[in-house]
Amino acid sequence: MLETDFTALLLTVKLAIITSVLLVIICFPIAWLLANYKGRFKPYFEAIIALPLVLPPTLLGFYLLVAFSPNTLLGEVWHNLTGHQLAFSFSGIILGSLIYSLPFVMQPLLVGFNQVNSQYNNAAIALGFSTSKRFFFLLIPLLKSTILSAFSLGFAHTLGEFGLVLMIGGNIPGETQVVSIALYDHVEALNYQAAHELSLILFAISFICLVLLFKFNRSNLGFRGKNASN
Amino acid sequence: MSMLYNRVSYYFWFVLLLTISSVSAKENLHIAVASNFKAPLEQLLSEAPFVDDIEITLSAGASGVLYSQIIHGAPFDMFFSADAKRPALLKQKELIIKGSIHTYATGVLAFWQPELDSKNNYIAIANPRSSPYGEAAKYYNEHTLKTDLSFVLAHNITQAFQFVDSANAGQGIVALASLKAAYQQQADAKYLAYKVIPADQHPAITQQVVVLKSTNNLASANKVLSYILSPSVQSEIAELGYLKVCSQC
């Protein structure tokens, strides 16, 4: 394997881990609020969350590129805060991935909250548990496997990210050149041998990720099964 | 009731036959074209004398991707590549009609810096590994420009333009054709803030076209070929920001 491919692989895994950890932290409270919210704006919030699922990554990438420009508010504020610009940087592709993978982390969490909310939560309320106590001592332990599947789904989805990074990355090794871009590069440069090797590795990593995901999901289903029989 | 049904069904068959006959009267030609030449080609073909006789479908994409599709049997009749390397490889694989390789345009590079005293130290170029524009830009930098700015690699020459246009990169080595097209559309003075890089300061950006062996429409393909290579069309291509291909002058 080429050294640049190894760098790209490492960068991709780093990107996927950071993105999915951040997403779990961001999505957990939002999913909790949304699961408890019964107002008439609920479908609108749900739609906003599901949007990145529907929109092509090229659309997201194009508008992020426009938004990252130093001439816009976002670009200017970021530049003043950090001294760097967002386009062509690792922070930039993290921000892009956060949007791109959001629904994949949010959906499992929403489903999880909806399930535990009804029964255990009512019991805890009846026992006089406070909201924060319920959150930390009931929901988080109950949702452990849900959080794990949300994390791995976000991780797996970020691994395969392409269109968005292609639009905002600028193909800088060690900074924005993720595996999918390196692969595209090999194909474009007609270096099919390197493309095959890298594909094989990516295939193996993705397969292992998905096996782990379904393993966690199985235990999640098992928990639900017992729950239903009670 | 049954008379009405008969009438409707006769009408249906009549329309169907009419459609079939009109479809078969028109030749079909499927052209693969490098993204950076799609818009010019579309425009040139719309003015062609055979516009009513040949139904042309364009598939735009990166040359490398189109090449991979062709060697795996994509049903194209012609291929306008952004370089000379891929047509040569197709020739090696005996996938093209003999003698059908022609240079249809030569790319011109421009150094573009929309804001003169830009503090942005990114310079956008096309990826030298896959794009002849990028290769030429890299060569120009190594031998003449020798900049210490940080390079951002776009996946093709159009994206290099986009990076500078959106102000994410302060400067770039882009295609003159992109700048001309943008100025034609928006007449913004920033599209004029460029310097053309002399052709002798970098390897030539030769864009070649081939007719593929798998074509069923050799006659139509040849019509398109000789139209594109005709002196009047070549002058038009030159106006769009390329060097014209001129074997006699």
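This briefing describes chain B of a predicted model, moving from its overall build to its sheet, one of its helices and its contact with chain A. Chain B holds nine helices and eleven strands, and its C-alpha trace spans about 80 × 45 × 35 Å along the principal axes. An assignment of domains splits chain B into domain 1 (2-106 + 205-243) and domain 2 (109-196), so that domain 1 is written as two segments of the chain while domain 2 is written as one.

**Overall build of chain B**

- Of the 249 residues in chain B, 40% are buried.
- Among the contacts in chain B that join residues at least 6 apart in sequence, 78% link residues at least 24 apart.

**The two domains**

- The C-alpha centres of domain 1 of chain B and domain 2 of chain B lie 30 Å apart, and the contact between these domains draws on eleven residues from domain 1 and 15 residues from domain 2.
- On the side of domain 1 of chain B that touches domain 2 of chain B, there are six nonpolar, four polar and one charged residues by class.

**The six-stranded sheet**

- Six strands of chain B form an open sheet with mixed pairing, and their order across the sheet is 2-1-3-10-4-11.
- Strand 2 and strand 11 (242-243) of chain B are the edge strands, each of which pairs on one side only.
- Strand 1 (residues 27-34) of chain B pairs with strand 2 (residues 54-61) of chain B in the parallel sense over eight bridges, and within this pairing Ile31(B) stands opposite Leu58(B) of strand 2.
- Between strand 1 and strand 2 of chain B the chain passes through helix 2 (residues 38-46) of chain B, in a β-α-β crossover that is right-handed.
- Strand 1 of chain B also runs parallel to strand 3 (residues 78-80) of chain B, to which three bridges join it.
- In strand 3 of chain B, Met78(B) stands opposite Ile31(B), while Phe79(B) stands opposite Ala32(B).
- Ile31(B) therefore faces a partner in each of two strands, with Leu58(B) in strand 2 and Met78(B) in strand 3 of chain B.

**Helix 5 and its surroundings**

- Helix 5 (residues 132-145) of chain B has a run of buried residues from Pro132(B), Tyr133(B), Gly134(B) and Glu135(B) to Ala136(B), Ala137(B) and Lys138(B), and Tyr140(B) is buried as well.
- The buried residues of helix 5 pack against several strands of chain B, namely strand 4 (102-107), strand 5 (109-112), strand 6 (122-126), strand 8 (171-175) and strand 10 (205-211), and also against helix 6 (157-165) of chain B.
- Strand 4 and strand 10 of chain B, which belong to the open sheet, are thus among the elements that the buried residues of helix 5 pack against.
- After helix 5 of chain B comes Lys146(B), which has a positive phi near 50°.

**Contact with chain A**

- In the contact between the two chains, 16 residues of chain B meet 18 residues of chain A.
- Helix 3 (63-71) and strand 7 (150-154) of chain B each supply at least two residues of the side of chain B that touches chain A, and helix 3 gives the most, with three residues.
- By class, this side of chain B consists of seven nonpolar, eight polar and one charged residues.

Conventions. Residues are numbered from 1 along each chain as its sequence is written. Chains are lettered from A and ligands numbered from 1 in the order in which they are written. This is a predicted model: local features need pLDDT of at least 70, side-chain atom pairs count only at pLDDT 80 or more; totals for chains, interfaces and linings use all residues. Two residues are in contact if their C-beta atoms, placed from the backbone, lie within 7 Å. Helices (H or I, at least four residues) and strands (E, at least two) are DSSP runs, numbered from the N terminus. Ala, Val, Leu, Ile, Met, Phe, Trp, Tyr, Cys and Pro count as nonpolar, Asp, Glu, Lys and Arg as charged, and the others, Gly among them, as polar. A residue is buried if 20 or more other C-beta atoms lie within 10 Å of its own, exposed if 12 or fewer, and partly exposed in between; C-beta atoms are placed from the backbone. A crossover is right-handed if, with the strands pointing away from the viewer, the path from the first strand over the helix to the second runs clockwise.
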